[in-house]
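Student: I would like a close look at a single part of this model, with each point tied to what the coordinates show. Please take me through it in one connected account.

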Amino acid sequence: GHSSILVESGRLYTMYRQVARAGQGPSRHDEVVAAFDAATGKTLWEFTYAAPTDRLDFSEGLGPHSTPAIGGDLIFATSSRSELFALNKATGRRVWSHDLVGEYRAPLTGRGYSCSPILYGDTVIVTMGGFDQGVAAFDRQTGRPIWKSGSFVWAPASPILIDVDTQAQLVVL
C-alpha cells in the first residue's frame, strides 16, 4: 500500500494490504488498518476487511492508496474499494462505515480509491463522485451524511482546507 504513518501518543497508525495465496487457486486480498506501539513495534490492533482487486487496475501498485485521519477517539480510513470506516482508536472496532459505491452509487475508481479523509469541525470529508455528490461530509460520531455537493466523476486527489481572508475554504481538484 501507499499509506503514510500517523503518530499520536506513542502509537503508530497506518494501512496496508495482505495477500493470502491458496495453492493454485485465486489469492485473497484484504486491506488492514492497524495500530502499533511506537516504542516496541508490537501490533496493538488490526481492522481487516476484504479488498478484492476485480474491476480495478492495480498495475501501478496495489492499494490502499490513502492515509487515515485521527479525530478524538476515532480514526477514519478509506479503502481502495471506496469504503469509509470510522474505527475506535483504542480498539480498532468499527463504529460506523459507508460503502460509497453500494450506498451512494459513486463511480468505482479505475486504479483504486485514493482520497484520504480530512476532518473539519464535527465532520469527515471525502470525495465521492457523481451528480451533486462529488464531495461529501459525514458526521464524525454517527456517520450520518451532513452534505454532498459538486458534480464530477471522481477526483483522485484528497480535498484540502485552505484559509482565505480568515475563512476556511475546501479545495477539491
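Tutor: In this predicted model, Tyr-120, Ile-146, Trp-147, Leu-161 and Leu-170 together make a nonpolar surface patch of about 420 Å². One of these residues, Trp-147, belongs to strand S12, which covers residues 145-149. Trp-147 counts as partly exposed because its relative accessibility is 33%, and that class lies between the limits of 20% and 50% relative accessible area.

Turning from the patch to a sheet, we find four strands arranged in the order S1-S2-S3-S4, an open sheet of 4 strands whose pairing is antiparallel. Its edges are formed by strand S1 (6-8) and strand S4 (43-50), each of which pairs on one side only. On average, and with direction ignored, neighbouring strands of this sheet are turned by 25° against each other. Within the sheet, strand S3 (residues 28-37) runs antiparallel to S4 and is joined to S4 by 7 bridges, and Val-32 stands opposite Thr-48 in S4.

The loop between S3 and S4 holds Lys-42, a residue that is exposed because its relative accessible area of 55% is over the 50% limit. If neighbours within four places in sequence are left aside, Lys-42 is in contact with Ala-35, Phe-36 and Asp-37. Lys-42 and Ser-27, by comparison, are 15 residues apart in sequence, and their C-alpha atoms are 27 Å apart in space.

Terms used: Residues are numbered from 1 along each chain as its sequence is written. This is a predicted model: local features need pLDDT of at least 70, side-chain atom pairs count only at pLDDT 80 or more; totals for chains, interfaces and linings use all residues. Side-chain values use heavy atoms; hydrogens and water are left out. Patches are made of residues with over 30% relative accessible area and no salt bridge: like charges are joined within 9 Å, nonpolar side chains (Val, Leu, Ile, Met, Phe, Trp, Tyr) within 5 Å. Accessible areas come from the Shrake-Rupley method with a 1.4 Å probe; for residues, only the protein chains shown count as cover. A salt bridge is a side-chain nitrogen of Lys or Arg within 4 Å of a carboxyl oxygen of Asp or Glu. Helices (H or I, at least four residues) and strands (E, at least two) are DSSP runs, numbered from the N terminus. Buried means under 20% relative accessible area, exposed over 50%, partly exposed in between (1.4 Å probe, protein chains only). Two strands pair if DSSP finds at least two bridges between them. Axes are lines fitted to C-alpha atoms, for helices over the stretch in contact, and angles run from 0 to 180 degrees between N-to-C directions. Contact means heavy atoms within 4.5 Å.
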